[in-house]
Amino acid sequence: MTLLADLRDLRVALATPAGPAQVLDGVSLEIPRGRIVGLVGESGSGKSTLALALLGLLPASLSRLDGSIRLDGEELVGASPERLQALRGTRMAMIFQDPMTALNPLFTVATQLADVLKRREPGLSGAERRARLLGMLDKVGIADPERRLHAYPHELSGGMRQRVMIAMALLCRPDLLIADEPTTALDVTIEAQIAGLIRDLRRDFAGSILFISHSLGLVAELTDEVAVLYAGTLVESGPTAEVFARPRHPYTSALLACEADLDRDVREALSIPGEVPSPLERGTGCVFASRCIRAEHRCREETPLPRPVEAGRIAACHFA
Amino acid sequence: MSGLSGYILSRLGTTALVVVGALTLLFALTLLVPGDPASVLLGPRATPEVIDDLRRRMGLDLPVWLRLLKFLGQVAQGDLGIDFISGRPILTMVLEVMPYTVTLAFASIGLAVAIGVPLGTYAATHPNTAADQALAVVSVGFIAVPNFVIAIYLLLIFSIWLDWLPVLGTGRPGDFWDQARRLILPAASLAIGWVGYIARLMRSSLLEILNEPYIRTNRAFGLSKAKVVYKYALKGAALPTIAILGLGIGRLLGGAIFAEIIFARPGLGKLIYEAIGTRNYPIVQGGVFVIVLLFVLTNLLVDLVYAWIDPRIRANLGKASS
Ligand SMILES: Nc1ncnc2c1ncn2[C@@H]1O[C@H](COP(=O)(O)OP(=O)(O)O)[C@@H](O)[C@H]1O
Ligand SMILES: [Mg+2]
């Protein structure tokens with residue numbers, strides 16, 4: 001099993017109006033080739049920041065990256081903006097949470113998809129490109145692709161727009177596709193359809209996927225491995241089935257307890273007491289100590305480092 | 001498409017209302033200004049009989065409402081009246097000078113767009129650099145300095161000291177280059193304030209669009225910076241500027257007057273200005289009416305361009321009219 005992406009001790013500091021915030025504080029994550037890796041954690045834990053750092057999309061003037069991100073062995077931290085742009089849309093690409101705003105309202109679906117395909121395969125003729133676009137819309141489950149191809153985004157439903165985004169990602173055939181909460185903005189039935197689509201596409205899509213979600217149910221269903229992020233720190237990672245069956249970190253346990261077979265409305269109401277500490281006010285000790293039912297004196301004094309707890313599994317807890 | 005034609009119809013309706021309203025106001029203006037037009041026109045030595053005769057010929061003896069209706073009816077037929085001094089139809093006089101003013105206004109706006117849009121785009125794509133900050137100062141300076149001051153300085157520098165461009169007039173009829181050369185300074189003096197304004201507006205709207213999630217999508221799929229900015233961001237960022245241009249052309253049609261005076265060019269502004277001096281109200285009415293008409297038509301055009309650029313507006317039009 002070879003590694004496609006290898007993040008080592010990644011630190012991201014963002015300049016905010018309130019001062020510099022250490023949004024990612026030493027995260028290590030491995031994305032094996034051809035696998036789907038889930039990234040979970042409450043909102044504000046730094047998932048999107050990690051994704052944007054990986055793509056080189058954090059604003060250079062407002063962010064500071066340390067550590068290492070290797071894509072196929074190539075170091076991306078400190079790579080030139082031109083190099084990063086060359087990798088985006090060919091080796092890696094990303095789809096976003098809110099399909100309502102992810103497409104430009106002033107251009108047709110055809111125009112926006114064609115520009116992505118042109119970049120990936122510059123040699124295609126207009127007719128070939130059109131055929132590819134139609135085929136791809138059909139593949140992602142858009143009925144009447146002829147008509148939809150020439151639609152503007154506002155003429156499509158949220159679910160259909162997210163299908164268009166997935167079509168865009170597939171046209172691009174990246175080695176690494178990042179999907180940042182692709183179903184969170186959709187209602188429950190559409191969420192299930194999109195999740196089903198992603199599952200079906202595994203057969204055709206040979207690349208790796210970093211699947212970011214705060215729906216643990218989806219992550220359990222779709223991913224091979226999972227990493228749990230809390231307040232900019234990786235608290236646990238390992239094969240999804242094992243992590244969910246026997247969590248080793250109290251935060252993972254708490255997340256799973258909240259999720260446990262509840263439907264979405266209840267899930268959101270029943271969350272872990274307390275709040276994710278702001279990146280501006282992180283002291284010493286375990287980041288989760290203030291909300292952890294097992295926290296002891298030691299947890300507030302000594303920061304637990306992520307360490308192997310069994311084969312293929314890592315946890316950052318003194319008790320793991 | 002039926003949405004668009006319905007929209008054009010309803011916009012034409014409101015346009016007609018605006019025009020009739022403007023005409024009524026213009027008519028009322030002649031009632032409010034003190035002094036009897038006939039006696040003013042004829043001068044202090046005219047006999048009462050001559051004045052009465054002219055009053056009758058000008059229709060000043062009729063009741064006000066009848067005069068308004070007659071006025072509206074005539075305008076509807078394209079008749080703006082007769083100039084009692086020269087005896088020429090006012091429509092002819094207005095149409096004679098209108099091309100000069102329209103050319104001047106569009107040349108100014110064209111110049112302002114040609115300079116302001118690239119400057120604003122550069123500033124937005126290089127925010128907070130020294131160049132951006134310098135542009136901000138220069139733009140605000142351009143906006144703040146009155147047009148006529150700029151006109152006089154341009155004349156001094158380019159015509160008198162450097163002797164690069166002709167001083168005055170519109171150029172020999174039929175000689176395109178001579179006319180174009182003589183258009184440069186008046187157009188530039190009107191354009192400079194708009195350059196600053198358009199540059200500021202473009203900068204802020206483009207910066208806003210560049211922060212939109214769909215621009216992040218473009219970048220996540222590796223589209224080149226040029227494609228992201230010039231194709232995907234600029235279209236939306238141009239909308240506020242286009243809206244301002246509609247107003248700008250109207251302001252320029254009215255504001256062209258001082259440029260026409262300083263640079264000794266014929267034009268609507270100059271025609272109206274001189275007619276006010278002699279209380280020649282029919283000419284004032286005719287001239288202002290044509291300016292209102294041009295203004296209203298430009299704004300109609302701007303609205304159509306808006307609907308053409310933004311499919312969401314087209315969609316709302318479809319819903320509204322069906
Ligand atoms: N542009 C930004 N300016 C200031 N703070 C930010 C910015 N982006 C993210 N943050 C902060 O970084 C942290 C992580 O955010 P994010 O990566 O969006 O988390 P997630 O995707 O897990 O919800 C949050 O505390 C958020 O407030
Ligand atoms: Mg996020």
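**Notebook: chain B against chain A**

I counted 12 residue pairs in polar contact between chain B and chain A, both partners at pLDDT 80 or more. I note that the model is a predicted one.

I next looked up which elements of chain B supply its side of this interface. Helix 9 (213-220), helix 10 (225-262) and helix 13 (311-321) of chain B each give at least two residues to the side that touches chain A. I sorted the residues of that side by type and obtained 9 nonpolar, 4 polar and 9 charged.

I then turned to salt bridges and found 2 between chain B and chain A. I looked up the pair K231(B) and D115(A), whose side chains meet in a salt bridge at 2.7 Å, N to O.

I recorded the extent of the contact as well. On chain B, 22 residues are in contact with 29 residues of chain A. The size of an interface is often given as the accessible area lost when the parts come together. For chain B and chain A, I noted a buried area of about 2,300 Å², with 64% of it on carbon and sulfur atoms. Within chain B, the residues that lose the most area to chain A are Y214(B), F221(B) and Y232(B), which together account for 30% of what that side buries.

Finally, I examined one residue of helix 4. Q74(B) lies in this helix of chain B, which spans residues 64-76. Is Q74(B) buried or exposed? I entered Q74(B) as partly exposed, because its relative accessible area is 32%, and the class runs from 20% to 50%. I also checked Q74(B) against S5(B): the two are 69 residues apart along the chain, and their C-alpha atoms are separated by 29 Å.

Key: Residues are numbered from 1 along each chain as its sequence is written. Chains are lettered from A and ligands numbered from 1 in the order in which they are written. This is a predicted model: local features need pLDDT of at least 70, side-chain atom pairs count only at pLDDT 80 or more; totals for chains, interfaces and linings use all residues. Side-chain values use heavy atoms; hydrogens and water are left out. Helices (H or I, at least four residues) and strands (E, at least two) are DSSP runs, numbered from the N terminus. Buried means under 20% relative accessible area, exposed over 50%, partly exposed in between (1.4 Å probe, protein chains only). Contact means heavy atoms within 4.5 Å. Buried area is the accessible area (1.4 Å probe) that two parts lose on being put together, summed over both. A salt bridge is a side-chain nitrogen of Lys or Arg within 4 Å of a carboxyl oxygen of Asp or Glu. A polar contact is a pair of N or O atoms within 3.5 Å; within protein, one must be able to donate a hydrogen and the other to accept it, and residues adjacent in sequence count only if both atoms are side-chain atoms. Ala, Val, Leu, Ile, Met, Phe, Trp, Tyr, Cys and Pro count as nonpolar, Asp, Glu, Lys and Arg as charged, and the others, Gly among them, as polar.
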